[in-house]
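Me: Hi! I'm new to this one and would like a quick tour. Here is what I'm looking at.

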Amino acid sequence: MASFLKPSRRAEPTSDDEVVVAPPPADEWARPLADAVSRLTGASVASSARPQPLPHGRGPWIFGLPLAHDHPEPAVEPSDAGPAVALGTSAAPPALVARLGTARPDLERELAAIEHNRTHGFATETVQGIVELDRGSTGPDAITCALITDPIDAVPLPDLIGFNLHHANELLDGFAAHHEAIHRLPIDAIPGSGAVPEIVAEDELDRIDRDRYRAEWRWLADHLPTAAAPVLCHGGYQPLAVFGPPAEAWPEHGGPGQGLTVANWSGAVLAEPAFDVAFTLVAFWSAPFFAPNRSERTAIKMIRNTLLNTYKLGYYARRDLDPDRVRFWQAFHALRGIARLEGAYDTPGSPFATVDRGAIPTELGPELRRHFRQLTRVR
């Protein structure tokens, strides 16, 4: 059970079975990143080893930076600036975490959401800062900056559930409660005016090629919801992005499902709560297709409705949502996923651009079509 809901941890495509926007080769940015992190943290950083890609739930283009003594070859001499740090592929926990960016506003968006959660008492990643990389090459895909944080000292939610099956419902209820609590945060005090973009349903629908998906596009257009008050939405809320204390620490946090930390705010947006809840529901439904093998896929399919419904009941116990609005956004997320896989979504300028760097298995496309039909009865 610990591996259930866990997608493949491949950071780059190894075949034609997934669509992914991979970062430029590490040779192009590892050394400038090492220099920039050295200046920011006071640690002496080496770029001789390859960076360590972190698991899917942490979001796109994110890497761990282990300490030098965890990756001793080649040797790195300490300096007056502080202890030596190396970018490597050690199995040891990373000392720092770097989210790569091609434009600073993408990282300021994530930083604003993290700081807003921290200000309101939620456990968050500790942010070191945003660094600018000194480099000669330029272009739309060049790595120009990185958000540097400390690693999360907690356990991924799927692992917590897997090792504590008799507390699975409580853990999922806490997952739902935390999501709803995020949606209650006041948005007038989010740091960095305009750092977090707002979703406008009409604009996002127009990014989908209507000629290619005539029936689906028409259903969405006919069921377009009226504007609703926006809240801070995570944009990718699913179990792999949520961490919690180990079971032995539950008493000091109030029990299982409490004291959660949410990572990967790279897709943070302002939108109605139904937008965010719908994504989570589609993520639960899609989980089997990210499994690394057939047996795990079968196992996840057997439990996904139970997991999905437990989350849904937990959220709805705390906030009433219009089921038609949730269904619209579920259908929207499904169709946008199809369009992205088929190159029929206008990504430039979209609030989804950063998170769209992550991998999606190509076989998910036909299944999303089926799910769209289940939600809408469009044939």
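Me: Is β6 mostly covered or exposed, and how many of its residues are buried?
Reply: Happy to help! Keep in mind that this is a predicted model. In it, β6 is mostly covered, with six of its six residues buried.

Me: Which residues sit on each side of β6?
Reply: One face has Leu96, Ala98 and Leu100, and the other has Val97, Arg99 and Gly101. Both faces are covered.

Me: Nice. Which way does β6 run relative to β4, and how many bridges are there?
Reply: β4, residues 62–65, pairs with β6 in the antiparallel sense, over four bridges. Within that pairing, Ile62 has Arg99 as its bridge partner.

Me: And how many bridges join β6 to β8?
Reply: Five, and these two strands run antiparallel. Arg99 turns up here too, standing opposite Leu147 in β8.

Me: Switching topic: how many cavities of 30 Å³ or more does a search find?
Reply: Two, in a search of the whole structure. The largest cavity has a volume of about 50 Å³.

Me: Which residues line the largest cavity?
Reply: Some names from earlier return: Ile62, Arg99 and Leu147 are in the lining, along with Arg58, Val97, Glu110, Glu125 and Thr149. The elements giving two or more residues to this lining are β6 (96–101) and β8 (145–149).

Me: How many of those lining residues are nonpolar, polar or charged?
Reply: The lining of the largest cavity divides into four charged residues, three nonpolar and one polar.

Conventions:
Residues numbered from 1 in each chain as written. Predicted model: local features only at pLDDT ≥ 70, side-chain atom pairs only at ≥ 80, totals over all residues. Heavy atoms only, no water. 1 Å grid on protein atoms, 1.4 Å probe; cavity = no way out; pocket = protein on both sides within 12 Å on 5 of 7 lines; lining within 4 Å. Points joined across faces, edges and corners; volume = space filled by probe spheres on them. Nonpolar A, V, L, I, M, F, W, Y, C, P; charged D, E, K, R; others polar. Buried < 20%, exposed > 50% of the residue type's maximum accessible area, 1.4 Å probe, protein only. Pairing = 2+ DSSP bridges.
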